[in-house]
Amino acid sequence: EGSNIKVLMPDHYAREHDRYLKRYLKTLEPRVIGSSRQVTGMHRDGRTMDLELSLAEGKSKNRHWFIGRFRKLRDDEASEGVLPEMKAQFAITDNLLDCCIIGNEKGTVLFFNTAAEKLFGYGRAEVVGKNVKMLMPEEIASVHDTYVDRFVRTGEKKVIGIKDREVTAKRKDGSTFPASLHLTDQRWGKMAIITAVLKLAGDGQSSVKELVTKKKAFLENLPIAGIVIDDKGTVQVYNNAAYDLFGFDPDTVLGKNVTMLIYDKDTRDKHDEFIARYCRTGHSKNVVGVGRKVTAVHKTGVTIEVHLSVQAEKVGAAHVFTGLVQCVE
């Protein structure tokens, strides 16, 4: 009591909280007030917890009061071994239109998005914490651990990075179906993470406009800076937290090349070339699917050290890239 509410938050959320609160008091736009959402809290002993937060507001003369009601989510809604920094990436993944499954180097499923639930017929709680082999026919599942073990020992990527590889998957009811699989890998500290994006073979894909609209709705209330660009590097979505972080208002950024937010000239000059190469080959080195530190620039010209995570999605012949940006202190 008497302390800033940030003591109950992990560092990466606490850093953004005051900026978010100041923006609300300035605009009075109730983006999260009056609604419920999932957040990450921090226990006194340092443990993080998955919580549902309902936020209400009261006023007394010229003062604002905020009332938060928390509900601890069930244990089966959280993933063992998941780092707090990964939660934002999971939230983005849950809003992908394609089936997406995230696992560790042991083949244990850490996250199973909503589209995966619909495709396989399993609820998230039935899959998270289990081996991903449960989603494969027996003849494939029997050799899966061998492939994973070899990757962990040697770093050799036999199938990781290959786009649109044809595979057979298995639903909860035992039926199988042909699918197109794309695997990417990244590291969170010492943990190797593998992300699988799965599409029904020959399945039609949503339009870029539909995908961008859905991402905009999701990123709007995220307390972490989120930016979506197309395959030309043009900014399509720039959320409120990005406005707070970079200082540029949305009208200045939307429709412009994202390189205006990059400090390093060499990186700016090579950025469009990188996007074009990724769109041609589906390969990137230490960028897509990998968290890394970069230097950005504020509207004032001051440099900002940030942690950047990028995800790419293919929509027909086009690509859409989503970046999550957090201050590094």
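Two strands pair if DSSP finds at least two bridges between them. Strands (E, at least two residues) and helices (H or I, at least four) are DSSP runs, numbered from the N terminus. The model here is predicted, so local features need pLDDT of at least 70 and side-chain atom pairs count only at pLDDT 80 or more, while totals for chains, interfaces and linings use all residues. Residues are numbered from 1 along each chain as its sequence is written, and side-chain values use heavy atoms, with hydrogens and water left out.

**Exercise 1. Find the partners of strand β9 and describe its cover.**

Step 1. Look at the pairing with β13 (residues 318–327): six bridges join this strand to β9 (residues 225–230), and the two run antiparallel. Within this pairing, V228 stands opposite T322.

Step 2. Now turn to β10 (residues 235–238), which pairs with β9 in the antiparallel sense over three bridges. Here I229 stands opposite V235.

Step 3. Follow the chain from β9 to β10. The two strands form a hairpin with four residues between them, and G233 in the turn has a positive phi of about 85 degrees.

Step 4. Check the cover, taking buried as under 20% relative accessible area, exposed as over 50% and partly exposed as in between (1.4 Å probe, protein chains only). Six of the six residues of β9 are buried. A225, I227 and I229 point one way, G226, V228 and D230 the other way.

**Exercise 2. Describe the nonpolar cores.**

Step 1. Fix the rule: a nonpolar core is a set of buried Ala, Val, Leu, Ile, Met, Phe, Trp, Tyr and Cys residues joined through side-chain atoms within 4.5 Å.

Step 2. Apply it. The largest core has 25 residues, and those with the most contacts inside it are C99, I101, V109, F112, F120, L135 and L198.

Step 3. Ask which elements supply it. Those giving two or more residues are β4 (99–104), β5 (109–112), α3 (114–120), α5 (138–154), β6 (165–170), β7 (176–188) and β8 (191–200). The most comes from β7, with four residues.

Step 4. Take C99 as a case, with contact meaning heavy atoms within 4.5 Å. Not counting residues up to four places away in sequence, C99 touches N113, A115, A116, L119, F120, A196, V197 and L198.

Step 5. Look for another core. There is a second, separate one of 24 residues, which includes V253, I304, V325 and C327.

**Exercise 3. Place three salt bridges in the fold.**

Step 1. Recall the principle: side chains of opposite charge can pair when their charged atoms come close. The rule used is a side-chain nitrogen of Lys or Arg within 4 Å of a carboxyl oxygen of Asp or Glu, and by this rule the count comes to six salt bridges.

Step 2. Start with K199 and D98, whose closest N and O atoms are 3.8 Å apart. K199 lies in strand β8 and D98 in the loop between α2 (87–94) and β4, so the pair ties together parts that are 101 residues apart in sequence. K199 counts as buried, at 15% relative accessibility.

Step 3. Go on to K172 and E126, which meet at 2.8 Å, N to O. K172 lies in the loop between β6 and β7 and E126 in helix α4 (residues 124–127), so this pair ties together parts that are 46 residues apart in sequence. K172 is partly exposed at 42%, and E126 is partly exposed at 31%.

Step 4. Finish with K265 and D269, also with closest N and O atoms 2.8 Å apart. These two residues are four apart in helix α9 (residues 265–281), and about one helical turn separates them. K265 is exposed, with a relative accessible area of 52%.

**Exercise 4. Describe the surroundings of G121.**

Step 1. Locate G121: this residue is found in the loop between α3 and α4, and at 43% relative accessibility G121 counts as partly exposed.

Step 2. List its contacts. Leaving aside neighbours within four places in sequence, G121 is in contact with A116, E126 and K172.

Step 3. Compare sequence with space. G121 and K172 are 51 residues apart in sequence and 5.4 Å apart in space, C-alpha to C-alpha.
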